[in-house]
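Welcome, and thanks for stopping by. Please take a moment to look over the chain below before reading on.

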Amino acid sequence: MEGTVVNDDALKSEIRQALINQKVNACPIAMRIAWHAAGTYDKRDGSGGSDGGTMRFEPQVYDEANKGLSIIRDLLLPIKENHPEISQADLWAFAGCAAIEFLGGPKIPFKFGRRDDEKPVRVPPNGRLPDASQGADHLRQVFNRMGFDDKEIVALSGGHTLGRMHEIRSGYDGPWTHTPLKFNNDYYKHLVEKTWKLKDWAGKKMYTDVETGTLGMLPTDLALIQDPSFKKYTVQFAKDEKLFFEEFAKAYAKLISLGCPPRCNPFNQDEKVSGRAKASMEFREYAMHGAILPCKELAKGGLADVKAVEPTSGRTALHKAAFWGHPKPFISFLVNDCKIDPNVQDIFGDTALHDAAKFGHADVCQVLVDAGTDLMLRNKHGKTALEVAQLHSPKFALKAPPEAGGYPNHAACISIISAGKRSKM
Ligand code: HEM
């Protein structure tokens, strides 16, 4: 969504809990939903792709190729409910990237900004995803339609290093590698090094390895060693895992931004951080560490935009300094000289005062109350800064060692904020 600010790390850890727990490891299917949402793209008319979150609608939701994906949609639903600011389309795409990373794969460049359509106005027709029973020509037809070349087709097919086929869903059965929960280049190594024969079974035509009879390959997988141009890349990726990771990350990042607004494209030059944005980022970083001199340097002559918020968290330099309880003169510099608005709320709805109150930084609270923070502002949990101080007072009592800046003083925070409230009545 336009202007969505997301704390990637926090979101990633919620996704990790949903995908990897005592009941499941749903990472492979998370990667698959992102690919299926994106793989409907047609470059000729710009239709399809992950923007719109169209897999929520008929007929796409019932496409044969999407069988079984309701499981992952349901697993991710509580996260969507917890984060109304993130579209389902972004969540599926991001969960796929996170899943790849959780299983040891490359970090996929990613940008938020996909929208959820409210009505099924852009749902692509079914049947655009590849048919596993076919060969190289079909793969080219489908992937060229999306704008991918041979190297990218082979790199993307490496997604089959994860997970397995399920007879009940696709009519095929078995894993591609012996380590289906590890992202590596074994898929290519197996294609190149093992001997594959037709699987002797009543199911759909597929291949199995002669050696163990436990692995599987689809006809489209075997096309990667049957077609000379595909084979060249398959052999390269089998030899060089690093190269595979690089090419996969690039192609997958491109895949999940097909048909999406330009802000979702991580390779879009316009979206690169400008010099001033970089200086502003550094300013926030120094503020977090309480480094006053570098902050003053960056503030001088407007080198940095001192009021800028961190795009992923919505936090100002003041939030960061307040959180760590830096000394009064520093907080006062940020509020009074830099004129950072103490009422800015981050994506959790917290003001700098909420952060200071949570950790019992009484001196910081004093400056922020004096600076006129609106004491009635509530965070996403519905709490004012005073309520946050009260809530955390028993939890943190006498826990912080003196070298971490002294013991937290929630009692003082409570009385400072209460006095501030009374004076405004
Ligand atoms: C090249 C054309 C492709 C074809 C024909 C194809 C076909 C299939 C089929 C038939 C299955 C088995 C589904 C099941 O029974 O559960 C499958 C699973 C899977 N596919 Fe593909 N796929 C293709 C490309 C891709 C790409 C590009 C990716 C990701 C980059 C991908 C990722 C996966 C994953 C991770 C699974 C395992 C899911 C699980 O364990 O539940 N596939 N694919």
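## A walk through the model

Let us begin at the end of a helix: α15 is followed by Lys 339, a residue with a positive phi near 60 degrees. Before going further, please keep in mind that this is a predicted model.

Helix α15 itself covers residues 328–337, and its buried residues are Ile 331, Phe 333, Leu 334 and Val 335. What do these buried residues pack against? Their partners are four other helices, namely α12 (275–288), α13 (292–299), α14 (317–324) and α17 (362–370).

Now for the overall picture. The protein has 19 helices and five strands. Its C-alpha atoms fill a box of roughly 80 × 45 × 45 Å along the principal axes. Of its 425 residues, 43% are buried. Among contacts with a separation of 6 or more, 71% join residues that are 24 or more positions apart.

One stretch carries a label from a record: UniProt, in an unreviewed entry, places the feature "repeat: ANK" at residues 348–380. In the model, residues 348–380 are 48% helix and 0% strand, and the C-alpha atoms at the two ends are 5 Å apart.

The strands deserve a visit too. Three of them form an open sheet in the order β3-β4-β5, with antiparallel pairing. β3 (196–198) and β5 (216–217) stand at the edges with a single partner strand each, so each has one side without a neighbour in the sheet. Strand β4, residues 207–209, pairs with β5 in the antiparallel sense over two bridges. Within this pairing, Tyr 207 has Met 217 of β5 as its bridge partner.

Next, a meeting of two helices. How closely do the axes of α2 and α3 come together, and at what angle do they cross? The axes of α2 (residues 27–38) and α3 (residues 70–82) come within 9 Å and cross at roughly 100 degrees. Angles of 65 to 115 degrees count as roughly perpendicular, and therefore α2 is roughly perpendicular to α3. On the α2 side the contact is made by Ile 29, Ala 30 and Ile 33, and on the α3 side by Ile 71, Ile 72 and Arg 73. Sorted by type, the residues of this contact are five nonpolar, no polar and one charged.

Two single residues round off the tour, Ser 50 and Ala 98. Ser 50 sits in the loop between α2 and α3, while Ala 98 belongs to helix α4, residues 88–102. Is Ser 50 buried or exposed? A residue counts as buried if 20 or more other C-beta atoms lie within 10 Å of its own. Ser 50 has 31 such atoms within 10 Å, so Ser 50 is buried. Ala 98 counts as buried too, because 26 C-beta neighbours lie inside 10 Å.

Their contacts, leaving aside residues up to four places away in sequence, bring in other parts of the chain. Ser 50 is in contact with Ala 37, Ala 38, Ala 89, Trp 92, Ala 93, Arg 114, Ile 256 and Cys 260. Ala 98, for its part, touches Lys 12, Ile 15 and Arg 16.

The table sets sequence separation beside C-alpha distance for two pairs.

| Pair | Apart in sequence | C-alpha to C-alpha |
|---|---|---|
| Ser 50 and Val 309 | 259 residues | 28 Å |
| Ala 98 and Cys 27 | 71 residues | 8.4 Å |

Definitions and conventions:
Residues are numbered from 1 along each chain as its sequence is written. This is a predicted model: local features need pLDDT of at least 70, side-chain atom pairs count only at pLDDT 80 or more; totals for chains, interfaces and linings use all residues. UniProt positions are given in the numbering used here, feature names are shortened, and annotations may be inferred rather than shown by experiment. A residue is buried if 20 or more other C-beta atoms lie within 10 Å of its own, exposed if 12 or fewer, and partly exposed in between; C-beta atoms are placed from the backbone. Two residues are in contact if their C-beta atoms, placed from the backbone, lie within 7 Å. Two strands pair if DSSP finds at least two bridges between them. Axes are lines fitted to C-alpha atoms, for helices over the stretch in contact, and angles run from 0 to 180 degrees between N-to-C directions. Angles under 35 degrees count as roughly parallel, over 145 as roughly antiparallel, 65 to 115 as roughly perpendicular and the rest as oblique. Ala, Val, Leu, Ile, Met, Phe, Trp, Tyr, Cys and Pro count as nonpolar, Asp, Glu, Lys and Arg as charged, and the others, Gly among them, as polar.
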